[in-house]
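Hi,

Here is the structure I said I would pass on. Have a look at it first, and then read my notes underneath.

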Amino acid sequence: MQPRFDVEQFNAPASSAPSGAGEQSATPRKLRGILSLDDFETAARRHLPAPIFAYVSGGCETDKSLRGNREAFDGHRWVTRVLADTSRRTLATPLLGQTYAAPFGIAPMGISALSAYRGDLAQTRAAGAANIPAILSGTSLIAMEEVARANPQAWFQAYVPGEKERILKLLDRVEAAGFKTLVVTVDTPVSGNRENNIRAGFSTPLRPSLRLAWEGVTHPRWLLGTALRTLALHGMPHFENSQATRGAPILSSTVTRDFGARDHLSWEHLALIRQRWRGPLVVKGILHPQDALAARDAGADGVILSNHGGRQLDGSASPMQTLPHVVDAVGPDYAVMVDSGFRRGNDVLLALALGAKFVFVGRPFNYAGAVGGEAGIRHAIGILASEIQRNMALIGVSQVTELHPGLLVKHAA
Ligand SMILES: Cc1cc2nc3c(=O)[nH]c(=O)nc-3n(C[C@H](O)[C@H](O)[C@H](O)COP(=O)(O)O)c2cc1C
């Protein structure tokens, strides 16, 4: 049975709103015990082969940034307002000329179709049904054209190659596929040092090995429901969207992936992209206020502050730490978005109070797709939305745009 999910429900007056954790009856049985986004991680750890779980969950080197992303939410406490009549509160959020049903969306995650059956499609469909944005990763395994057909509102994230010709060809393809909003990720001049992937036996492409086979056999629901089902119905997945043409297969003992040179990318390349791309342009992976200013001055319509979920530079600041400084630099009207470590409605509200316009969430939606497919992702969206809706009443605001730093005090963690 499909879970009851109607995005209008979390924009409805409080009396008829879902209570997330309490709304049990229409939720598929396997999702009923899942009351918070973190519960999806526990379930995904059991469901997925260890190398794949390690790829999704991991940070890099000492995981300082990964931990820091969670710790950053502990620096404030709410100073609530009362008797504010919040009975008509709404999560509706304006962003880049659209109004979304909630102030959060799904961050781009490569290889999502390895952890969940047709994972990119599941994410984009669930987001489309909820009227929230989903960003298709450039390192995804389902052709961008198919994803755009499933959800014409989806955004596309490019890891732009370093060569101008290849950039322009990729953008031609993205535009022809029908995407309007382009996200350019800029925090990956080189890949982070993800030792945990190597220790867990993960690589891209995956190398066939006895260990990998054993992991498959010992995770039969993933083997049958994701791996074999994909192979039987769609053939060997390839990196479909990194370039204008199809890339390497996901499983191969011989092929090496062409990452394209990216460490010489500069603001000139962004200018070229801005010149070429007609729709909204977002730069993802910014931490420094000066870089946010440079992106704005280069014509980007918004930025996503991010340390890539703690997967790139170990010891990088959490975007929540730099958010107030960035907002100071670019001004209150610029579309400053943020991701990395968001797990609770409260986290989202805190970012909005500190000046963010929107929040993106990564891993929990990946786990939700692995554990419950599209229904799992809808369940995850519902949980986060209902946490936000409940806490808006407890804080005393009716619109997300009413949140401001005056509702917070600093808290020494
Ligand atoms: C499995 C995985 C794959 C990712 N792949 C990409 C990607 O292809 N492009 C990108 O810009 N960011 C990628 N990211 C980073 C996310 O977009 C996002 O910045 C990060 O996951 C947010 O942190 P969170 O997972 O703690 O919510 C990936 C993250 C994960 C966990």
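R199 is exposed, with a relative accessible area of 59%. Its salt-bridge partner is E195, and the N to O distance between the two side chains is 2.7 Å. E195 is partly exposed, at 29% relative accessible area. Both residues sit in helix α8 (residues 195-200), and because they are 4 residues apart, about one helical turn separates them. Keep in mind that this is a predicted model.

There are 15 salt bridges in the structure, and a few others caught my eye. D347 and R70 pair through their side chains, N to O at 2.9 Å. That one links distant parts of the chain: D347 belongs to helix α14 (residues 345-353) and R70 to helix α3 (residues 64-71), with the two positions 277 residues apart. D347 is buried, at 6% relative accessible area, whereas R70 is partly exposed at 35%.

R246 and E240 form another salt bridge, this time with 3.0 Å from N to O. Here E240 is the buried partner, with 11% relative accessibility, while R246 is partly exposed at 49%. Separately, D172, E175, R276 and R278 are joined into one network by salt bridges that share partners.

Now the ligand. Which residues come nearest to it? Out of 23 residues around the ligand, they are P108, S137, Y159, T185 and D339. By type, the shell splits into 7 nonpolar, 11 polar and 5 charged residues.

Three contacts to ligand oxygen atoms are worth pulling up on screen. At P108, a backbone N or O atom lies 2.7 Å from a ligand oxygen. At G341, a polar backbone atom is 2.9 Å from an oxygen atom of the ligand. At R343 the side chain takes part instead, with an N or O atom 2.9 Å from a ligand oxygen. As for how much of the ligand is covered, it exposes 600 Å² when taken alone, and the protein buries 98% of that.

One last thing, on the surface. L224, L228 and L231 make a nonpolar patch of about 270 Å². L228 is located in helix α10 (residues 220-234). With 39% relative accessibility, L228 counts as partly exposed, and a residue needs over 30% to be part of a patch, so L228 clears that cut-off.

Tell me what you make of it when you have had a look.

Cheers

How values were computed:
Residues numbered from 1 in each chain as written. Predicted model: local features only at pLDDT ≥ 70, side-chain atom pairs only at ≥ 80, totals over all residues. Heavy atoms only, no water. Near = heavy atom within 4 Å. Polar contact = N/O pair within 3.5 Å; in protein donor to acceptor, adjacent residues only side chain to side chain. Areas by Shrake-Rupley, 256 points an atom, 1.4 Å probe, with all protein chains shown as cover. Nonpolar A, V, L, I, M, F, W, Y, C, P; charged D, E, K, R; others polar. Patch = residues over 30% accessible without salt bridge, like charges linked within 9 Å, V, L, I, M, F, W, Y side chains within 5 Å. Salt bridge = Lys/Arg side-chain N within 4 Å of Asp/Glu carboxyl O. Buried < 20%, exposed > 50% of the residue type's maximum accessible area, 1.4 Å probe, protein only.
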